[in-house]
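Here are some short exercises to work through with the model open beside you. Try each task yourself before reading on to its solution.

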Amino acid sequence: MLRVTDLHAFYGESHILHGIDFTVNRGEVVTLLGRNGAGRTTTLRALLGLTGKRSGSIMVNGRETIAMPTHHIAHLGIGYCPEERGIFAGLTTEENLMLPPEVASGGMPVTEIYGMFPNLAERRNSPGMRLSGGEQQMLAIARILRTGARLLLLDEISEGLAPVIVQSLGRLIRGLKERGYTIIMVEQNFRFAAPLADRHYVIEHGRIVETVTKNELESKMDCLHELLGV
Amino acid sequence: MFELLGITPQALYGQLLVGLINGSFYAILSLGLAVIFGMLNIINFSHGAQYMMGAFIAWIGLTQVGQWIGDPGFSVSYWTALLLSPLLVGAFGIVIERTMLRHLYKLDHLYGLLLTFGIALIIEGLFRDWYGISGQQYEIPEALQGAINLGFMFLPKYRAWVIVASLVVCFATWYVIERTKLGAYLRAGTENPKLTQAFGINVPLMITLTYGFGVALAAFAGVLAAPIFTVGPKMGADLIIVVFAVVVIGGMGSILGSIVTGLALGLIEGLTKVFYSEASAVVIFVIMVIVLLVRPAGLFGRER
């Protein structure tokens, strides 16, 4: 579904990604792990063309996107949940939910989304900024489920949330995986990510330095500890 | 009561009407500036020149085009100009955005302001060269000549039309931006253009069309103004300084704020003419100073 080859990305003059290579197959959940500043968020942003200059190759469903403008990339069926959640303060909860255009058929109907996140239904007319952190995070994920995107880029969704909410996010991701969504997660919280993912990529200094599959997790734990400092 | 204050009711109503008319123009023009600033982060100093272009195109259509095409009987009516002139000036704005403004978004506001100020001077210079400084008269369209007797005063039909038309346009714009899906795109694009684009919305196109629309609003105001004020190269420059004060008072980028402030300040200016006419030319600037000191983000603006 996604094949990234020798991806370099820049912010202005600074060279952040130094040749990232990875692939994600349909229906897989993979994580990008690493320390702060390693280039995980930049990798997600580079997939969408949100960084400065990029080079290399990003194939999405067999289409090369490295030269595509950002607003075309989403229409290949990609949904993005940014690290800062990106809830629009000037829009109501419902307007936030309805904002992203449909990028493919088969998106989750709004009634189902409200069934899944009753809090959002209750607060549909409140301004986006009045929501709690957990509600904002739910909204940020819900609004990309509505669009029919099948490849989800989720940046630090567990960050700063209470443990019960993190648990329900874990159930949500598992449910999405069962439905066949393909998910790339950037995660700081290894304990949250480990049971969910099929594969982990460890990024350091803008490169993938280690790939750990689910089965290798135990045997490579020491190596991960060292790389992540967890 | 009127004797006590030493004024006549006629003077009061008359000045309130003038105030409301001026307020209507302040509202449309500051609305355009607010929309443009919100989306483009550009302080459009050529707004006054674009307003003047709108008026001039209407005048050219009415009086000049017939001679150009060798058929003196032909003229573009007021009503056609009301539609055509904003379209032409809007298209002109789109060309400017595509070729020049586009390169300035990443820089400080100051650069956009300087560029649009330069454009304004060029446009005004060209019109001065072509049609002279003295200004032209534009006749009130036949259907709107005459006045209505309201009992306590005579209301010229054209003035009533200007007030109604500008209120309708202002509130239609407000409605589209605050209550529709297209407006949600605009608000989202204003707040976080990159994320909005990452959702698959063509933000660069929205920016171009927003500038075109804002400029078209200025031209629309220009056509409305043509039969009231003299159509001359300086008509925009005189008005726009006041409009910028209005925008500062209302708060940069606030849609409703610019409409309400525009109308209110027009009325305040009118009232000042009645009670202390010496201050009427500066009252808006005095209010601006006070607002800047007390609430720097403007009455309706959000502090950042």
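**Exercise 1. Find the residues that T210(B) touches, leaving aside its neighbours within four places in sequence, and decide whether T210(B) is buried or exposed.**

Solution. This is a predicted model, so we work from its computed coordinates.
- Step 1: locate the residue. T210(B) sits in helix 10 of chain B, which covers residues 203-225.
- Step 2: list its contacts. Once neighbours within four places in sequence are set aside, T210(B) is in contact with V35(B), I36(B), M39(B), L40(B) and L186(B).
- Step 3: check the cover. The relative accessible area of T210(B) is 6%. Buried means under 20%, so T210(B) is buried.

**Exercise 2. Describe the contact between chain B and chain A: how many residues take part, and how much area is buried?**

Solution. Begin with the residues, then turn to area and pairings.
- Step 1: count the participants. Chain B brings 18 residues to the contact and chain A brings 25 residues.
- Step 2: take the area. An interface's size is often expressed as the accessible area lost when the parts come together. Between chain B and chain A about 1800 Å² is buried, and carbon and sulfur atoms give 61% of that.
- Step 3: look for charged pairs. The rule finds one salt bridge across this interface. That salt bridge joins E95(A) and R187(B), with 2.8 Å between the closest N and O atoms.
- Step 4: add the polar contacts. Nine residue pairs are found in polar contact across the interface of chain B and chain A, both residues of each pair being at pLDDT 80 or more.
- Step 5: assign the elements. On the side of chain B that touches chain A, helix 8 (181-191) and helix 9 (193-198) of chain B are the elements that give two or more residues. Helix 8 of chain B gives the most, with six residues.

**Exercise 3. Work out which parts of chain A are tied together by the salt bridge of R40(A) and E156(A), and what phi E156(A) has.**

Solution. Start from the pair and then look at each partner.
- Step 1: recall the principle. Side chains of opposite charge can pair when their charged atoms come close. The side chains of R40(A) and E156(A) form a salt bridge at 3.5 Å, N to O.
- Step 2: place both ends. R40(A) belongs to helix 1 (residues 40-47) of chain A and E156(A) to the loop between strand 7 and helix 7 of chain A, so the pair ties together parts 116 residues apart in sequence.
- Step 3: compare the cover of the partners. R40(A) is buried at 5% relative accessible area, and E156(A) is buried at 2%.
- Step 4: check the backbone. Most residues other than glycine have a negative phi. Phi of E156(A) is near 50°, a positive value in a residue other than glycine.
- Step 5: find another case. N61(A) also has a positive phi near 50°. N61(A) is in the loop between strand 4 (54-60) and strand 5 (63-64) of chain A, and counts as partly exposed at 36% relative accessibility.

**Exercise 4. Identify the salt-bridge partner of E135(A), and the residues linked in a network with E210(A).**

Solution. The count over all chains comes to ten salt bridges by this rule, and we follow some of them here.
- Step 1: take E135(A). Its partner is R123(A), with the closest N and O atoms 3.2 Å apart.
- Step 2: place the two residues. E135(A) lies in helix 6 (residues 133-145) of chain A, and R123(A) in the loop between helix 5 (118-122) and helix 6 of chain A, so the pair ties together parts twelve residues apart in sequence.
- Step 3: check the cover. E135(A) counts as buried at 11% relative accessibility, whereas R123(A) counts as partly exposed at 26%.
- Step 4: move to the network. E210(A), E216(A) and K220(A) are linked by salt bridges. Within this network, K220(A) and E216(A) have their closest N and O atoms 3.7 Å apart.
- Step 5: check the cover here too. K220(A) is partly exposed at 23%, and E216(A) is partly exposed at 28%.

**Exercise 5. Name the residues of the nonpolar surface patch on chain B and the helices that supply at least two of them.**

Solution. List the members, then the elements.
- Step 1: L167(B), F171(B), L256(B), V260(B), L299(B) and F300(B) make a nonpolar surface patch of about 460 Å².
- Step 2: helix 7 (157-179) and helix 12 (255-275) of chain B each supply at least two residues of this patch.
- Step 3: take one member as a check. F171(B) is in helix 7 of chain B, and at 37% relative accessibility F171(B) counts as partly exposed.

How values were computed: Residues are numbered from 1 along each chain as its sequence is written. Chains are lettered from A and ligands numbered from 1 in the order in which they are written. This is a predicted model: local features need pLDDT of at least 70, side-chain atom pairs count only at pLDDT 80 or more; totals for chains, interfaces and linings use all residues. Side-chain values use heavy atoms; hydrogens and water are left out. Patches are made of residues with over 30% relative accessible area and no salt bridge: like charges are joined within 9 Å, nonpolar side chains (Val, Leu, Ile, Met, Phe, Trp, Tyr) within 5 Å. Accessible areas come from the Shrake-Rupley method with a 1.4 Å probe; for residues, only the protein chains shown count as cover. A salt bridge is a side-chain nitrogen of Lys or Arg within 4 Å of a carboxyl oxygen of Asp or Glu. Helices (H or I, at least four residues) and strands (E, at least two) are DSSP runs, numbered from the N terminus. Buried means under 20% relative accessible area, exposed over 50%, partly exposed in between (1.4 Å probe, protein chains only). Contact means heavy atoms within 4.5 Å. Buried area is the accessible area (1.4 Å probe) that two parts lose on being put together, summed over both. A polar contact is a pair of N or O atoms within 3.5 Å; within protein, one must be able to donate a hydrogen and the other to accept it, and residues adjacent in sequence count only if both atoms are side-chain atoms.
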